[in-house]
Every structure is written in C-alpha cells, then in structure tokens.
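Here is a short briefing on one protein chain. Look over the sequence and the model first, then read the points by topic.

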Amino acid sequence: TAKGYETATAYLGQLLLDRQFGNCFFFGAGLLFHSDSSNLDKENEDVDWTLGAQVYGEYRFSETWAFVAEASPAVAGYGEKYPSFSLGPKLYTNRHTFAVVISNTQMMDANGVMTNSVRKFDELILGFNISREI
C-alpha cells in the first residue's frame, strides 16, 4: 500500500486454453479478470474492475516465420469503445522472438490490453517486440 491511498494492489486472474492444429496453426482463447484495471484514459470515477475475453491465432509458415493475430475485448466492467487487437509477422530464432506489431493500443500487459482502446481501427500503432527465452 502507499501512504495517502487506500490500496495500491489489485488482483488479476486468467483462464487460458489453447490448441495446436497440425504443425502450423495455433489457436487460443480465454477470460481475464482484473479487480482494479487501468489504462491511459481511465478516470477515478470509472468502474474499477474489468472482465475481458481473449482470442489468439498463429499460423506458422515455417519453423522460423509466423503471422499472429489477437484480440482482447472487455466484456463487462470498465472498457473503452474499441476492442484491443494486434497482428503482424513474427520471426523465431534459437533463443529470441522478433515481432512487428500493428495494433490499436500501446498497452502491453493484460491489465491495459483488456480495457480496450480509444483508438479507432484506422488509428493504428506500429511497434516492434523482442522476447528472449532462457
């Protein structure tokens, strides 16, 4: 907790299911709940919690190249107008994953993504992501 604030903690829960079809198509879906969600536009007067859904698809052209698309709409509680989504190509190497991301949100964690976006589908953001596996 922080001085002068009731609490600085919140709870996040996820139920995620995924399935692989053959060697090239991956699909996942799930539900997320955050007890005190946030994003760049949320006001103190807004509803604290958010219940969101997730859907994910990845098609691997080869062992190293894939195309990924995902969406995370808020289904109850706090949520902006437009569901968050992202898509783009992904490159897998021995210990790294490189991805070019086209999205309507700049949030990167489940808390921010599940609260939707104020950006319309024609106000996209271009990003780049590097992940390292240990």
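The chain exposes about 9000 Å². Carbon and sulfur atoms supply 57% of that area. The model is predicted. Of its 134 residues, 27% count as buried.

**Overall layout**

- One helix and eight strands make up the secondary structure of the chain.
- Along the sequence, the elements follow the pattern β-β-β-β-β-β-β-α-β.
- Along the principal axes, the C-alpha atoms fill a box of roughly 50 × 35 × 25 Å.
- Among contacts with a separation of 6 or more, 49% come from residues 24 or more positions apart.

**Nonpolar surface patch**

- A nonpolar patch lies on the surface, formed by F21, F25, F27, V55, Y59, F61, W65, F67 and L87.
- Together these residues have about 830 Å² of accessible area.
- Three strands each supply at least two residues of the patch: β2 (25–34), β3 (50–60) and β4 (65–72).
- Patch member F21 is found in strand β1, which covers residues 12–21.

**Exposure of three patch residues**

- F21 has a relative accessible area of 41%. That value falls between the 20% and 50% cut-offs, so F21 counts as partly exposed.
- Y59 has a relative accessible area of 38%, so this residue is partly exposed too.
- F61 reaches 57%, which is over 50%, so F61 counts as exposed.

**Aromatic pairs**

- A search of the whole structure finds six aromatic pairs.
- How are the rings of Y59 and F61 arranged? Their centres are 5.1 Å apart and their planes stand at 75°. Planes over 60 degrees apart count as edge-to-face, so this pair is edge-to-face.
- Y59 and F61 are also both members of the nonpolar patch.
- Elsewhere, Y82, F85 and F121 form one aromatic cluster.

**Charges over rings**

- Which ring does the charged end of R19 sit over? The ring is that of F21, with the charged end 5.4 Å from its centre.
- The ring of F21 thus has a charge over it, and F21 belongs to the nonpolar patch as well.
- R60 lies over the face of Y92. The distance to the ring centre is 4.3 Å.

Notes:
Residues numbered from 1 in each chain as written. Predicted model: local features only at pLDDT ≥ 70, side-chain atom pairs only at ≥ 80, totals over all residues. Heavy atoms only, no water. Patch = residues over 30% accessible without salt bridge, like charges linked within 9 Å, V, L, I, M, F, W, Y side chains within 5 Å. Areas by Shrake-Rupley, 256 points an atom, 1.4 Å probe, with all protein chains shown as cover. Salt bridge = Lys/Arg side-chain N within 4 Å of Asp/Glu carboxyl O. Helix = DSSP H or I, 4+ residues; strand = E, 2+ residues; numbered from the N terminus. Buried < 20%, exposed > 50% of the residue type's maximum accessible area, 1.4 Å probe, protein only. Phe/Tyr/Trp six-rings, centres within 6.5 Å; stacked < 30°, edge-to-face > 60°. Lys NZ or Arg CZ within 6 Å of the ring centre and 35° of its normal. Contact = heavy atoms within 4.5 Å.
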